[in-house]
Structures are given as structure tokens and as C-alpha cells.
Amino acid sequence: MIREKITDAIKRASGLEKVNLECPENEAFGDYSSNVALQGKNPKKDAERIIEKLKKDGKLSGIIERVEIAGSGFINFWLKKDVLIDGLKQIDMAKSDFGKSDEGKGKTVIIDYSSPNIAKPFGIGHLRSTIIGQALYNLYKSLGYEVVGDNHLGDWGTQFGKLICMIETEKPEELSIENLEKLYVEFHKKAEDNPELEEKARECFKKLEAGDPETKAIWQKCVDISLKEFAKVYDLLGVKTDFAFGESYYESEMRSMVGDSGIRRHLITGEEGAMVIDLSQYGIKTPLMFLKKDGATTYATRDLATIKFRTRKWDPDIIIYEVGVEQNLHFRQVFAAARLLKLVKPEVLLVHTAHGLYLAPEGQKFSTRKGNTVKLEDVLNEAEARAEKLALKSGEAKNKDEIDKLRKSVGIGAVKYFDLMHATGSNVVFDWDKMMNLEGNSGPYLQYTAARANSVIAKAKGKDQKFEAINNPNEEELSILRSLIKFPEIIKDSADRYAPNLLCNYLYSLAQKFNGFYGKHKIIDSENEEFRLALAFGVMQVLKNGLKILGIETPERM
RNA sequence: GCCCCUGUAGCUCAACGGAUAGAGCAGACCCGUCCUAAGGGUAAGAUGGAGGUUCAAUUCCCUCCAGGGGCACCA
């Protein structure tokens, strides 16, 4: 890779082991820029000295056109035009594989994502985990990692005690997902005045965990209904996880852990009789509750059992939990306990991405318990309806079948992109119009740009694309070339930082450049027609590959 | 009270300790015999307050203010 070649050359020239190389946002500062000279006392002198050596470096002369000192001592690099053009050739050769690498070869990453709770509708809150998780999955896959996607369904715990309680007393005529949600909300309403209900719910869960057949039958019914409902949503979203073991799967693993003397010796009796693990040596004041006072397991027990299971089954290098920020403490506890109990090798990376939440328009958290949620299905349906309206207006689609496809790929694309474009850490205020945005910085804008490029290529039928250097590339053309060759680096960066939004930023900026170029210059029947067609092809291919990683389809025309 | 996260333009969001803080939406103006106007262009608009570290701070540290989330028997 170009980046490595330059980094290595700087290392040789400066004698430093770690050097920083960035891609300046402003193209006036070159393709790459390094601040190594700024670390010392005489930045300008150091920079000059390093530049002298760089100029003599044979390994660099083939790719660098010029190296200059700038500002207070930055060293800026400009790539040769041949190198830029070569990027275009690579895209043409690799096509849908452009951007991929094998740098994760031999390593395994497990991504725990989506993980909706059984017996509740698939709410807007689960969108982030599902979409970001899938994007991370695709990013790591592109880097050659062995990737395991596991949907850690919330199908166990006292929440079922609550539900079973309600089902037994209310005896609803039909167990639909809507009814189950109603019962859950009702439970919490009732429990406000009757705190003893909480105790009763825990007893019910205890019964479930003890294997009571009647209780288990009701539980199974809830699971079945929910899975059917989720399948509908996953189908709409085009998301498919490799596994969906769910929390209940770890029942036996938990039992063996509870009986494990190595683990038992870390358990202490907490304030009210629960068995807890003290984590103060990890700077966590709240101990992890391993067993409740009645001996039933908790969410944390299940997550620890899951780590043990996953380690045995896949021996991962990284485990990523794509779960919301509200579970920050929980994962800090689980990770610390996993280290303490030596459930993972010390070098294994445990990551909680901690994405921000969708907040209700009033700025508060959506709450299932209070029945204050937005159903994801409604959002997707509305987005599709809006996309269809535009598709009909544009008139590009040839028949009803194509309109239907557009309706889906553009509507869903808008929602997914909206979700992914935000830095994962921050909360997002839910807003129907913004979520379904089809213009500006949006998924459909990227899809549209690709379709536009596609259309030009189609219109130029029969004409060659020329992937060779031309004498006089203009500013816009150079700028697009510069972006195109950065794509593989962006994939790596997005994965390393668990940040699909970086890929979104990149694709958006590429699309902007292309649209700017498109507005200003003719492609067909221009002087550089063949080169420009190749450029349009390159943009289309990179947009397509990038969108695919984001889980968004690229329609041929729209 | 303690612990996490976030305060950037009217609104919603970007920015790897770097160079002139990027966008979109909304509002103003312009571009249709021209390869897809789901587009392009012009102008206007921002780092919560006070300290500190650094050649350089939206970014790191301290403190104050504001918002969100969490703090043992939900997950």
C-alpha cells in the first residue's frame, strides 16, 4: 500500500519508530502529510533534513511527485499522476473486490449485534445495533477476518417472569406481539402500586429456570411469536446473522459455571444475600451480581457464560458488543469479571461500542416499560412510501417491478444511512423527516450518484474506457482520483475505530466531488471522453462497494 | 451523591492533537432546448463559560454550567 511505503520512508529518513501520516482534508496540503518534524525543537530544520533524505530515497521516487515543507514544519507529499491513474486501473481489475485486503487473515472477530428482546416489538432502539453491527461485520470481512455474527437474543430472565405472571392472571385470548407488549407495560403500571408483583415475577422466572413444564411452554410460545416478528424485520432490512443462540442457550453453561469451584471462590455474599463478584480492583465500585438472592441467574451471568462458550467455540481475537451506551456499566463489569475469572486470554480484545440512543423528540429515552416506542416497521414502511413517490416522479424506472425494487432499496437505504452517518457515541434525536431524508447527505444521494455515473456509461455504449494517464487532468478529475485510491485505507480506519460513519463521510465526499465534476464538465463527446468514462466507472464502483459494506443496495438507475 | 457519554451555525450532524472548523436541512439568490434537478452554483451563518498543558486544542487535563444515560436482584 502507498501509505506504508511513505510511512516506511519517513521512518528511514527520520530515524523514528512511530511516525504519523495523515490525509489532509485540504488538498492544497498534498495527498499525505506528516508532522514528524514538529516534535523537535527546530521543526523547520528537521523537516528540511528529512526532506533531503526522502528525495534521495529510491523506494519513494516511483510514487512521489514532490515533497515540500509547509506551515510550521509539516512535510507534505504529492503522489505522481501515474500512481493516481494506477488506482483507477486497480478498481477496474478488482471491481467488486476493490477495497478488500487480507490484513485480518487468520484472525477471528465475533460481533454481538441486533439482540432484540423477545416479547417486545422490534423498536427503533434496536435499529442502531442491527445496522451498525452489520456494517462492522462487513468491514471486518472486507479486511479478511474470520467474522462471526451472533444475535444475542434477549430470551431469558425476569422479564419473562413478569410476562408469565401477567399471562397467568389475565389470560389473554391471543398471544400476539402487541398483546405481549401491552402486558409488559401493564405489569410495570401495576407494580408501581403493588411492589409485591416484582417479587412474584422473580418467582415465576425461578420456576422457568427450574424447568417447570407449564411455564416453559408459555415461554416457548412467546419466543416463537417474537422470532416470527423479527424475521419480518430482518427480511425488510436485508440483515442476516450467522447465529442467534440467545441467552437461553447458555442455561447449561451457566449451571456448570455456578458449580465451578474456581469461580465460586470469587463469589461473595452481597448486601441482601445475592452472590456477587467484587470488582473494586478494576476501579468498579458496583459489584457484579452473579446470582440473585433466590439463586436465579442474571444478565451478567449469561454474558459471562457466553464469553466462555464463544472462547471455546471460536477462540476469537476480538469480541465486539454492538450494544447501546446505557449498558456501559454492565459491560465494564462483565469484561472485568471475565478477566478476573480468566474466561479469555489476556490479549483478547473485548469491545463495547456503546452507541448513543435514539431519543424521543422531547429529548428523553424511548422506554418499552412505559410503552413509549416507535416501531421500526412503521419507520421502514413510511420511508419506502416516500422513496416510491420520488421514483414515480423521476420516471427512470421502466416498470412496476423496478419501482417496487427502488421503493425498497432507496427507502431502506435512507434509513440505514441516516443511522450509520452519525458518530456511534452520540445520541440521535429521532425525527421522521430527517430519518427518511432522500436529499443532501443521505443514502439516496449516494445511490443517485452511482446511478448517474452508470447512466453516463450506459449512454456511451461501445466507447472505450481509458485507464491511462492523460496530459492535462483538471482539478476536479485529480481530486476524484485522489479520493478513489484512499478507499482501502478508509475501510481499515472505519474497522479499527468501529466507526462506519467514517466510511459514510468518505463516500459522501466522493459523491460530492463527482457531482461537482459532472455539473461542470461534459463526459460524453468531450476531449478526454475515454478517461472520463473510466473515472465515472471508478466512482460508480467505489460507491457500490462502499454502500455494500454499509448494507445498502445500489440501483442501476433511479 | 458517585460513574459514563454529549454540549460545534436557527435545526440535525462531521472533523486521526494539526494548517482557512466540514456538511445537510431550513431561509436568500442563481442554473432546465445541456450525459438523471434525488443534482449543481453563489452569499450568509458555529466550537457552552473560565483556567491549564502544547510549536499547535473542538480534540488532552482541571473546574463550573447545561442535557442524556447508568448506579445490584429488567435486559
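**Reading the sheet, the cores and the RNA surface**

User: What makes β7, β8 and β9 a sheet in this model, and in what order do they lie?

Analyst: In this predicted model, three strands form an open sheet in the order β7-β8-β9, with antiparallel pairing. Two strands pair if at least two bridges are found between them. Three bridges join β7 to β8 (residues 275-277), so that pair meets the cut-off. One bridge partnership links isoleucine 268 to valine 276 in β8.

User: Why are β7 and β9 called edge strands?

Analyst: β7 (267-269) and β9 (288-291) each pair on one side only. From one strand to the next, the twist averages 45 degrees.

User: What is the largest nonpolar core, and which helix gives the most to it?

Analyst: The largest nonpolar core has 110 residues. Val539 and Leu543 have the most contacts inside it. Helix α21 (residues 529-550) gives the most, with 13 residues. Another core lies apart, with 20 residues, among them Trp156, Ile164, Phe187 and Phe205.

User: How do you know that valine 539 is in contact with residues beyond its sequence neighbours?

Analyst: Contact requires C-beta atoms within 7 Å. Leaving aside neighbours within four places in sequence, valine 539 is in contact with Ala453, Ile480, Leu510 and Phe514. Therefore each of these pairs meets that cut-off.

User: What makes a residue part of the surface near RNA strand B, and how many are there?

Analyst: The test is a C-beta atom within 6 Å of the strand. 93 residues surround RNA strand B. The closest are Gly157, Glu272, Lys292, Gly440 and Ser455. Helix α17 (residues 443-459) supplies the largest share, nine residues. By class, this surface has 36 nonpolar, 38 polar and 19 charged residues.

Note on methods:
Residues numbered from 1 in each chain as written. Chains lettered and ligands numbered in written order. Predicted model: local features only at pLDDT ≥ 70, side-chain atom pairs only at ≥ 80, totals over all residues. Core = buried A, V, L, I, M, F, W, Y, C linked by C-beta atoms within 7 Å. Buried ≥ 20, exposed ≤ 12 C-beta atoms within 10 Å, placed from the backbone. Helix = DSSP H or I, 4+ residues; strand = E, 2+ residues; numbered from the N terminus. Contact = placed C-beta atoms within 7 Å. Nonpolar A, V, L, I, M, F, W, Y, C, P; charged D, E, K, R; others polar. Axes fitted to C-alpha atoms, helices over the stretch in contact; angles between N-to-C directions.
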